[in-house]
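Colleague: I should be grateful for a close look at the aromatic side chains of this protein and at what surrounds them. Please explain the matter step by step, as one would to a first-year student.

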Amino acid sequence: MNWSAHDAVAAHRDDGGAGELFGITELCREFGISLRAIRFYEDKGLLHPRRVNGTRVYTRRDRARLALILRAKAIGTPLAEIKHYLDLYGTHGEGRVQQMRYALQRTDAAIAELEAKRAHIDATLAELRVINETVRRGLADRR
């Protein structure tokens with residue numbers, strides 16, 4: 001029997017998995033990403049779909065991992081760091097505390113770095129405004 005991803009997911013849902021498996025197309029649509037992006041995350045070891053008759057099916061855990069991957073990418077986190085964070089979780093969530101500590105450490109560092117950049121930007125803007133106003137006055141005096 002040659003099943004589509006939709007058929008494979010539907011069959012597993014009928015077996016009592018009610019809503020716990022997703023096809024690649026469903027995830028692409030839900031998260032607004034391409035098939036290629038999901039396959040890329042698989043190649044990098046971030047996602048581990050099951051295979052049913054050669055068709056990829058994704059669990060709730062895969063879906064949650066994808067959501068975390070995309071959220072972390074949106075704030076500029078490198079893939080290696082995302083993988084490290086996801087791997088801390090463990091098979092059954094035994095590493096959740098380590099995961100939270102790691103997230104806290106990384107977000108504290110990122111906040112401090114961004115605040116320092118913002119202070120530098122504010123100082124630069126203030127200096128540029130002084131220069132700008134000085135030049136405007138110099139031009140106005142020459143009229």
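**The aromatic pair and its surroundings**

Modeller: The structure holds one aromatic pair. Its partners are Phe-40 and Tyr-41, whose ring centres are 5.8 Å apart. The planes of these two rings make an angle of 65 degrees, so the pair is edge-to-face, a term used for angles over 60 degrees. The model under discussion is a predicted one, and the values given here are to be read accordingly.

Consider next how each partner is placed with respect to the surface. Phe-40 has a relative accessibility of 36%; because this lies between the limits of 20% and 50%, Phe-40 counts as partly exposed. Tyr-41 has a relative accessible area of 5%; since this is under 20%, Tyr-41 counts as buried. In the protein chain as a whole, which has 143 residues, 27% count as buried.

Tyr-41 leads us into the interior. The largest nonpolar core comprises 18 residues, and Tyr-41 is among those with the most contacts inside it, together with Ile-38, Leu-66 and Ile-69. At least two residues of this core come from each of α2 (24–31), α3 (35–43), α4 (60–74) and α5 (79–88). In soluble globular proteins, nonpolar side chains tend to be buried together.

Ile-69 shows how such contacts reach across the sequence. Leaving aside residues up to four places away in sequence, Ile-69 touches Tyr-41, Leu-46, Leu-47, Ile-82 and Leu-86. For the protein chain, 47% of the contacts between residues at least 6 apart in sequence join residues at least 24 apart.

Another aromatic ring, that of Phe-22, has a charged neighbour. The charged end of Arg-63 sits over this ring, at 5.8 Å from the centre of the ring.

Two of the helices that supply the core also take part in the largest pocket. The volume of this pocket is about 660 Å³. Its lining consists of 21 residues, of which Ile-75, Thr-77, Glu-81, Arg-106 and Thr-107 are the closest to the centre of the pocket. Each of α4, α5 and α6 (96–141) supplies at least two residues of the lining, and α6 gives the most, with eleven.

Finally, these helices may be placed in the whole. The protein chain contains six helices and three strands. Read from the N terminus on, the order of its elements is α-β-α-α-β-β-α-α-α.

Notes:
Residues numbered from 1 in each chain as written. Predicted model: local features only at pLDDT ≥ 70, side-chain atom pairs only at ≥ 80, totals over all residues. Heavy atoms only, no water. Core = buried A, V, L, I, M, F, W, Y, C linked by side-chain atoms within 4.5 Å. Buried < 20%, exposed > 50% of the residue type's maximum accessible area, 1.4 Å probe, protein only. Helix = DSSP H or I, 4+ residues; strand = E, 2+ residues; numbered from the N terminus. Contact = heavy atoms within 4.5 Å. Phe/Tyr/Trp six-rings, centres within 6.5 Å; stacked < 30°, edge-to-face > 60°. Lys NZ or Arg CZ within 6 Å of the ring centre and 35° of its normal. 1 Å grid on protein atoms, 1.4 Å probe; cavity = no way out; pocket = protein on both sides within 12 Å on 5 of 7 lines; lining within 4 Å. Points joined across faces, edges and corners; volume = space filled by probe spheres on them.
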